[in-house]
Amino acid sequence: MATPNLDIHERGSGMISSQPSHTEVSTCDKDISKTLDNARKVVAGTVHDLESDLTKLSLDIHSHPEIGYEEKFAHDTISDFLEKQGFKVKRHAYGLDTSFEAESGSGGHLIVYCAEYDALPGIGHGCGHNLIAMSSVSGFIATARALKDSGKPGRVRILGTPAEEGGGGKVKLLEAGAFKDNVAAAIMVHAVPQHSFAKGYSGTSGFRTLASRRFRVMFHGVSSHAGAQPWGGRNALDAAVGAYATLSMLRQQIHPMERINAVIENGGVVPNIIPDYACMAFGVRSHNSQTADALYDRVKQCIDAGAIASGCKTEYETAIPYTDLKVNDVLCKAYNEEMEIVGEKILIRDPEQSAAGTDMGNVSHEIPGFHGVFGIPTAPGVPPHHSDFCEAAKQPEAQTAALKASRGMAMMAIRVLLYPGMADRVKENFNNAEEEDYSSVNAEKSSGGSRNQLSDEDEHTCC
Ligand SMILES: [Zn+2]
Ligand SMILES: [Zn+2]
């Protein structure tokens, strides 16, 4: 694993606890310390004053769950909220009906808050995106007010990013140019169960996720009378079942962190007709885009095997691929220090990737990104994407945790905008971050030749 670049104290990136070695630096640090102290007061005051309104916003979104690209209620409610707070909102931004954008400040560097608000089919806000929306709105307003109070140049923007749960909203926004304009960092936080952290910790700033590939396969066969003439049919359900069974075998020969998941969406209509159509949806996750593509190829072979065995044809429909999350250590350290000031201990970087995936990963490979996670109380063992996590995402403790995280984000943003050289340091870390080496995962493996090419020695030892 790559070693995090944590030398930012010594290089004066804006860490308030650094010890200046020159009088000149000391004067500079005194000025910036005063600026940051003032900003902390404005941020804390803003979040405190808006707490009940922000909580209502979160709970309103929670009680109106909408799946990706259908988040009309969330789009309108957040846009109305921001306008009420005095911001000019561009609704239906970048050609996406449920995206929006608002900005404050002028000149200087630019921070973009990403606000997710899509829900899961059947589970509602089982991923807690109502808390993401609230924390980004809270962080954006607090940053805007602290920036204005400082009288210094700098810009902060909030971008509504729909359809994170598989729809790739941020990838569409990337393609539409929403993250151009020399963005210093795109930032957000996500809720996870509190029990996922070691004792004493309430979050991770350097959260890491896998790359993922989602796709759907339509199996086309031939229908026939299941009783009178089954030999005349080509069973599409058999193709799907064959694919699923071979994937179950493949699962034993993949890396422990990789995931292959599938559901049968359509397996025929009635038992007396040989199904001429079946449909499956797949999710494949691996360490990075390269290994995810390689695993996808292996999965595809299994699916095609099921189709070949049953005499059916396949048709693939692929979704937008997600890349792994790239961590920016400078942003993480600033966030952790600010969270410590508000009484929270945050892990700097996950030692291992989480098996989740997010389209924020794609953003984090284009520009410096921050995707911290914070804990919310749940019963032991409850995971995200579960109805109990949905319940947890509307509890008062969850709102409090999200608002605290928004203060950490706001001050991280203020540091990037106002501390001399900090934005450059963030960029430098982005440019020089070491990628972990996963080249051995899903690498082409030699079978050592076919059985027909076994040597005499092999023939003897194989018994
Ligand atoms: Zn989710
Ligand atoms: Zn989520």
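This report describes the helices, one helix contact and several loop residues of a predicted model.

## Overall composition

The protein chain contains twelve helices and twelve strands. Of its 463 residues, 50% are buried. Contacts in the chain between residues at least 6 apart in sequence join residues at least 24 apart in 79% of cases.

## Helix α2

Helix α2 covers residues 72-84. Its 13 residues should span 18 Å at 1.5 Å a residue, and the C-alpha atoms at its ends are 18 Å apart, so the expected and modelled spans agree.

The buried residues of α2 are A74, H75, I78, S79, F81 and L82. Viewed down the helix axis, these buried residues fall within an arc of 160°, and therefore they line one face of α2. This can be set beside the general geometry of helices: an α-helix has 3.6 residues a turn, so residues three or four places apart point the same way. On the face of α2 turned away from the buried side are the exposed residues K72 and K84. After the helix comes G86, with a positive phi near 95°.

## Helix α3 and the loop before it

Helix α3 runs over residues 129-150. For its 22 residues, 1.5 Å a residue gives an expected span of 32 Å; the end C-alpha atoms are 31 Å apart, which agrees. The helix is mostly covered, with 19 of its 22 residues buried. Just after α3, G151 has a positive phi of about 70°.

Y117 is located in the loop between β3 (110-115) and α3. Because 33 other C-beta atoms lie within 10 Å, and 20 or more are needed for a buried residue, Y117 is buried. Leaving aside residues up to four places away in sequence, Y117 touches I61, E71, A74, H129, N130 and A133. A74 is one of the buried residues of α2. Y117 and H129 are twelve residues apart in sequence, and their C-alpha atoms are 4.8 Å apart in space.

## Helix α7

Helix α7 (residues 329-341) has 13 residues, which at 1.5 Å a residue should span 18 Å. Its end C-alpha atoms are 18 Å apart, in agreement with that value.

Eleven of the 13 residues of α7 are buried, so the helix is largely enclosed by the rest of the structure. The buried residues are D329, V330, L331, C332, K333, A334, Y335, N336, E337, E338 and M339. The elements covering them include the strands β5 (183-193), β6 (203-206), β11 (346-349) and β12 (369-376), together with the helices α10 (396-418) and α11. G343 follows α7 and has a positive phi, near 95°.

## Contact of α7 with α11

The axes of α7 and α11 (residues 422-432) come within 7 Å and cross at roughly 130°. The two helices are therefore oblique to each other. D329, V330 and L331 of α7 make the contact with R425, V426 and N429 of α11. By class, the contact has three nonpolar, one polar and two charged residues. The α7 residues in this contact, D329, V330 and L331, are also listed among the buried residues of that helix.

## Loop residues with positive phi

Most residues other than glycine have a negative phi. Two loop residues depart from this pattern, Y69 and N182.

Y69 has a phi near 70°, a positive value in a residue other than glycine. Y69 lies in the loop between α1 (23-62) and α2. With 16 other C-beta atoms within 10 Å, Y69 is partly exposed.

N182 is not a glycine either, and its phi is positive, about 50°. The loop that holds N182 lies between α4 (169-175) and β5. N182 has 10 C-beta neighbours inside 10 Å and therefore counts as exposed, since the cut-off for exposed residues is 12 or fewer.

## The loop after α11

D437 is placed in the loop between α11 and α12 (456-461). D437 has 11 C-beta neighbours inside 10 Å, so it counts as exposed. D437 and N288 are 149 residues apart along the chain, and their C-alpha atoms are separated by 9.7 Å.

Methods
Residues numbered from 1 in each chain as written. Chains lettered and ligands numbered in written order. Predicted model: local features only at pLDDT ≥ 70, side-chain atom pairs only at ≥ 80, totals over all residues. Helix = DSSP H or I, 4+ residues; strand = E, 2+ residues; numbered from the N terminus. Expected span 1.5 Å × (residues − 1). Arc of directions from axis to C-beta. Axes fitted to C-alpha atoms, helices over the stretch in contact; angles between N-to-C directions. Parallel < 35°, antiparallel > 145°, perpendicular 65-115°, else oblique. Contact = placed C-beta atoms within 7 Å. Nonpolar A, V, L, I, M, F, W, Y, C, P; charged D, E, K, R; others polar.
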